[in-house]
Amino acid sequence: MPRRNIQTVETTSGSIEVYAPPARAYHWIVVALIAIQVPIGLYMVYRGGTLNIWDALTNNLYSSHKLLGVIILAVVIARLAYRLRAGAPHPEPTLEPWQRSVSEITHWAIYLLLLLVPVLGYVGVSMYPALNIFGAFSLPAIAPPDKATAEAVFYWHGLAAFALIGLIGMHVGAAIFHYAIRKDNVLGRMLPGALRKP
Ligand code: HEM
Ligand code: HEM
């Protein structure tokens, strides 16, 4: 029997189970951090790798991306520990069985990539090695220096990041579909302000 982390909200159409406040806080904090991290990653690689401009701005973008990346890794580990301990609400009652399965698989795949992407980035900068942040301090190395392997690890870091972006696109599309077309309470479970209160 999976654990259930439920907050119940009374609406005029009955009581609805929503994610508890810590689960909602973790969700939206990670959304905000990823929304900053991905554009920095794409722009720094374009500026450094494609345009070959290696000035202070490019270096600061790399430093920001590395620092924010390890912060995201720490937040995701805390979030997953909380999720495994506290569980989640029962599935939205109007979902069909295939929709429940697809949403569960998508959520766990997103969690997996939220761990894999920053770990690959961190292993890559450890091996390169490029651990310095803003010329001020260095991250502790988690792998021995090996430049050739680092290049391969960066390739997989980028590929996994694009897979994560693709899954997030599906996930957000599903949230909008449920809210705007099916007009059910799926979005309200993570954003109670969006609950239907006829
Ligand atoms: C969830 C967290 C992270 C996300 C979503 C993310 C995303 C990305 C993206 C989209 C790119 C550009 C890939 C490309 O255009 O080919 C990138 C590149 C890069 N990331 Fe991350 N990243 C994350 C965490 C980290 C961490 C923790 C580090 C290191 C401590 C890191 C180091 C790098 C480096 C060095 C590159 C450039 C690789 C290259 O030159 O090919 N990233 N990242
Ligand atoms: C970086 C972007 C995002 C990531 C990484 C992400 C990740 C996740 C994960 C892992 C879950 C599963 C929660 C759990 O059961 O523990 C989840 C649930 C949810 N997310 Fe997101 N999310 C993102 C963006 C969004 C956005 C923009 C929306 C709304 C437009 C949204 C709406 C929801 C909703 C409604 C749920 C609950 C689904 C349900 O009740 O089954 N998410 N999200």
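## Helices around two ligands

Of the 198 residues in the chain, 17% are buried. The model is predicted.

**The chain as a whole**

The chain holds five helices and four strands. Read from the N terminus, the elements follow the order β-β-α-α-α-β-β-α-α. Along the principal axes, the C-alpha atoms fill a box of roughly 60 × 35 × 30 Å. Now take the contacts with a separation of 6 or more. Of these, 65% join residues 24 or more positions apart.

**The nonpolar core**

The largest nonpolar core has ten residues. Its members are Ile72, Val76, Leu113, Leu114, Val117, Leu120, Met127, Ala150, Val153 and Ala161. Three helices, α2 (56–86), α3 and α4, each supply at least two of the core residues. Which of them gives the most? It is α3, with five residues.

Ala161 deserves a second look. Set aside its neighbours within four places in sequence, and Ala161 is in contact with Gly41 and Val117. Val117 is itself a member of the largest nonpolar core. Gly41 turns up again beside ligand 1, among the closest residues.

**The two ligands**

Each ligand has its own shell of residues. The table sets out the two shells by class.

| Shell | Nonpolar | Polar | Charged |
|---|---|---|---|
| Ligand 1 | 13 residues | nine residues | one residue |
| Ligand 2 | twelve residues | four residues | three residues |

Start with ligand 1. It is surrounded by 23 residues. The closest are Gly41, Gly69, Gly121, Gly158 and Ala161. So which helices build this shell? At least two residues come from each of α1, α2, α3 and α4. The biggest giver is α1, with seven residues. Ala161 has two roles here: this residue belongs to the largest nonpolar core, and it is one of the closest residues to ligand 1.

Turn to ligand 2. Its shell counts 19 residues. Ile34, His107, Ala175, Arg189 and Met190 come nearest. Four elements give two or more residues to this shell: α1 (21–50), α3 (97–127), α4 (147–182) and α5 (186–190).

**Putting it together**

Some helices recur across these sites. Both α3 and α4 supply residues to the largest nonpolar core, to the shell around ligand 1 and to the shell around ligand 2. Helix α1 contributes to the shell around ligand 1 and to the one around ligand 2. Helix α2 supplies the core and the shell around ligand 1.

Conventions
Residues numbered from 1 in each chain as written. Chains lettered and ligands numbered in written order. Predicted model: local features only at pLDDT ≥ 70, side-chain atom pairs only at ≥ 80, totals over all residues. Near = placed C-beta within 6 Å. Nonpolar A, V, L, I, M, F, W, Y, C, P; charged D, E, K, R; others polar. Core = buried A, V, L, I, M, F, W, Y, C linked by C-beta atoms within 7 Å. Buried ≥ 20, exposed ≤ 12 C-beta atoms within 10 Å, placed from the backbone. Contact = placed C-beta atoms within 7 Å.
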